[in-house]
Amino acid sequence: MTHPVGFPILPAMFLIPFVTEPIRGNGAKIYRCSGCGALITHSDQLLPIEGKSRHSFVNPSGIEFEFHAFSSCTGAIALGDATEEHTWFAGYRWRIALCRTCGLHMGWHYEAVLRSERPREFWGILVTNLVAER
Ligand SMILES: [Zn+2]
């Protein structure tokens with residue numbers, strides 16, 4: 001399973017202004033955007049997919065992507081139409097996921113093709129683009 005090479009650069013005008021204060025939940029670790037420091041999600045949102053929450057895939061160019069799977073990412077937005085093409089997770093369509101605040105490419109949002117699939121959706125957020133904070 002592979003992903004296409006190259007990611008679109010998002011013009012700033014597509015970014016939706018969104019102001020939110022981080023909510024610390026149950027001592028969970030905070031994950032921030034490495035580009036702008038905005039809150040992306042918390043460690044209590046980590047979600048095992050196919051048995052693990054940390055995944056690693058190599059695209060056709062040989063670039064390795066390592067990411068965490070989260071059930072919710074309040075600091076990210078999914079962009080464009082979902083596609084099954086080159087998906088890394090059978091039964092799931094993906095879209096590009098960006099930091100809601102600065103537009104940095106954070107990873108991918110996955111949604112189930114079948115309504116019966118569980119989870120219905122999740123986020124794959126690149127480890128390199130997250131800064132962890134307690
Ligand atoms: Zn950002």
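**Exercise 1.** Determine what share of the contacts between residues at least 6 apart in sequence joins residues at least 24 apart, and relate the result to the secondary structure.

*Solution.* In this predicted model, 54% of the contacts between residues at least 6 apart in sequence join residues at least 24 apart. Next, the elements are listed: the protein has 0 helices and 9 strands.

**Exercise 2.** Establish the strand order of the open sheet and identify which strands stand at its edges.

*Solution.* The sheet is built from 6 strands, and its order reads β3-β4-β8-β7-β6-β5. The pairing is antiparallel. β3 (54–58) and β5 (76–83) each have a single partner strand, so one side of each lacks a neighbour in the sheet; these two strands are the edges. From one strand to the next, the twist averages 30°.

A closer view is given by one pair. Strand β7 (residues 105–112) runs antiparallel to strand β8 (residues 121–126), and 5 bridges join them. Within this pair, E111 stands opposite E121 in β8.

**Exercise 3.** Describe the largest nonpolar core and state which strands supply it.

*Solution.* The core contains 23 residues. Those with the most contacts inside it are I40, A76, A97, M106, W123 and I125. At least two core residues come from each of β1 (30–33), β2 (39–42), β4 (64–70), β5, β6 (92–99), β7 and β8. The largest share, 5 residues, is supplied by β6.

M106 serves as an example: leaving aside residues up to four places away in sequence, M106 touches C33, I40, A76, A97, L98, C99, I125, L126 and N129. For the protein as a whole, buried residues make up 25% of the 134 residues.

Methods:
Residues are numbered from 1 along each chain as its sequence is written. This is a predicted model: local features need pLDDT of at least 70, side-chain atom pairs count only at pLDDT 80 or more; totals for chains, interfaces and linings use all residues. Two strands pair if DSSP finds at least two bridges between them. Helices (H or I, at least four residues) and strands (E, at least two) are DSSP runs, numbered from the N terminus. Axes are lines fitted to C-alpha atoms, for helices over the stretch in contact, and angles run from 0 to 180 degrees between N-to-C directions. A nonpolar core is a set of buried Ala, Val, Leu, Ile, Met, Phe, Trp, Tyr and Cys residues joined through C-beta atoms within 7 Å. A residue is buried if 20 or more other C-beta atoms lie within 10 Å of its own, exposed if 12 or fewer, and partly exposed in between; C-beta atoms are placed from the backbone. Two residues are in contact if their C-beta atoms, placed from the backbone, lie within 7 Å.
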